[in-house]
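Let us take a friendly walk through this model, looking at how its helices pack and where its charged side chains pair up.

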Amino acid sequence: MSGPDIEWDTYGDSLGRRLSTLRKARGLSQEKLGELAGLHRNQISNIERNVSSNERFSDPHMSTVYRLAAALDVPPGWLLPDIEVRVLPRSAEQASADAVSAVENALLAAIESMS
């Protein structure tokens, strides 16, 4: 079965960076986030590093994304990259260091506004 030529690892990298940024902004260790989300610390680490024992890159289930969002007390969309644009071959969030920084700053500002 074929589909669009998409570099899924770039989307996984974006999700991992978002998760790490939000976790740290909440002052949580990977272990504590795992406890809150009902996941193992290794799962958190693998998603943040975009690695998997079975695949080339992390590909978490939707239920995992929602568990993480609930544990972080954020909308699930905050974990998902590029949700407001059409799917491109590469995640636009990975285009440059400035793009990565802009996403991290936006997430931190959003977390701050929730306080």
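## Salt bridges and helix packing

At 26% relative accessibility, Glu104 counts as partly exposed. Please keep in mind that this is a predicted model. The side chain of Glu104 meets that of Arg17 in a salt bridge, with N and O 4.0 Å apart. This pair joins distant parts of the chain, since Glu104 sits in helix 5 (residues 97-114) and Arg17 in helix 1, 87 residues apart. Arg17, like its partner, is partly exposed, and its relative accessible area is 40%.

**Salt bridges**

How many salt bridges are there in total? The count comes to five. Three of them, including the one just described, are set out here.

| Salt bridge | N to O distance |
|---|---|
| Arg17 and Glu104 | 4.0 Å |
| Arg23 and Glu48 | 2.6 Å |
| Lys32 and Glu35 | 3.7 Å |

Is the Arg23 side of its pair buried or exposed? Arg23 is buried, at a relative accessible area of 8%. Its partner Glu48 has a relative accessibility of 15% and therefore also counts as buried, the cut-off being under 20%. In the salt bridge itself, the side chains of Arg23 and Glu48 come to 2.6 Å, N to O. Arg23 belongs to helix 1 and Glu48 to helix 3 (residues 41-49), so this salt bridge ties together parts of the chain that are 25 residues apart in sequence.

The pair of Lys32 and Glu35 is a local one within a helix: both residues are in helix 2 (residues 30-37), three residues apart, and about one helical turn separates them. Lys32 is partly exposed, at 37% relative accessibility. Glu35 is exposed, with 52% of relative accessible area, where the cut-off for exposed is over 50%.

**Helix 1 and its neighbours**

Helix 1 (residues 8-25) and helix 4 (residues 62-72) have axes that come within 11 Å and cross at roughly 20°. The two helices are therefore roughly parallel to each other, as angles under 35 degrees are counted that way. Their crossing is left-handed. Which residues make the contact? From helix 1 come Leu15, Leu19, Leu22 and Arg23, and these meet Val65, Leu68 and Leu72 of helix 4. Sorted by class, this contact holds six nonpolar residues, one charged residue and no polar ones.

Helix 1 also packs against helix 5, at an angle of about 35° and with the axes 10 Å apart. Here the crossing is right-handed. On the helix 1 side the contact involves Arg17, Arg18, Thr21, Leu22 and Ala25, while helix 5 brings in Val100, Val103, Glu104, Leu107, Leu108 and Ile111. By class, the residues of this contact are seven nonpolar, one polar and three charged. Both partners of the salt bridge between Glu104 and Arg17 appear in this list of contact residues.

Trp8 is also placed in helix 1. With a relative accessible area of 45%, Trp8 is partly exposed. Trp8 and Asp59 are 51 residues apart in sequence, and their C-alpha atoms are 8.8 Å apart in space.

**Helix 2, helix 3 and Ile44**

How do helix 2 and helix 3 lie with respect to each other? Their axes come within 8 Å and cross at roughly 115°. The two are therefore roughly perpendicular, the range for that being 65 to 115 degrees. The crossing is right-handed. Gln30, Glu31, Leu33 and Gly34 of helix 2 make this contact with Arg41, Ile44, Ser45 and Glu48 of helix 3. These residues divide into two nonpolar, three polar and three charged.

Ile44, in helix 3, is worth a look of its own. Its relative accessible area is 0%, and Ile44 is buried. Leaving aside residues up to four places away in sequence, Ile44 touches Leu19, Arg23, Gln30, Leu33, Gly34, Leu39 and Leu68. Among these, Leu19, Arg23 and Leu68 also take part in the contact between helix 1 and helix 4, while Gln30, Leu33 and Gly34 belong to helix 2's contact with helix 3. As for Tyr66, its C-alpha is 13 Å from that of Ile44, and the two residues are 22 apart in sequence.

Methods. Residues are numbered from 1 along each chain as its sequence is written. This is a predicted model: local features need pLDDT of at least 70, side-chain atom pairs count only at pLDDT 80 or more; totals for chains, interfaces and linings use all residues. Side-chain values use heavy atoms; hydrogens and water are left out. Axes are lines fitted to C-alpha atoms, for helices over the stretch in contact, and angles run from 0 to 180 degrees between N-to-C directions. Helices (H or I, at least four residues) and strands (E, at least two) are DSSP runs, numbered from the N terminus. Angles under 35 degrees count as roughly parallel, over 145 as roughly antiparallel, 65 to 115 as roughly perpendicular and the rest as oblique. A crossing is left-handed if the near helix is turned anticlockwise from the far one by less than a right angle, and right-handed if clockwise. Contact means heavy atoms within 4.5 Å. Ala, Val, Leu, Ile, Met, Phe, Trp, Tyr, Cys and Pro count as nonpolar, Asp, Glu, Lys and Arg as charged, and the others, Gly among them, as polar. Buried means under 20% relative accessible area, exposed over 50%, partly exposed in between (1.4 Å probe, protein chains only).
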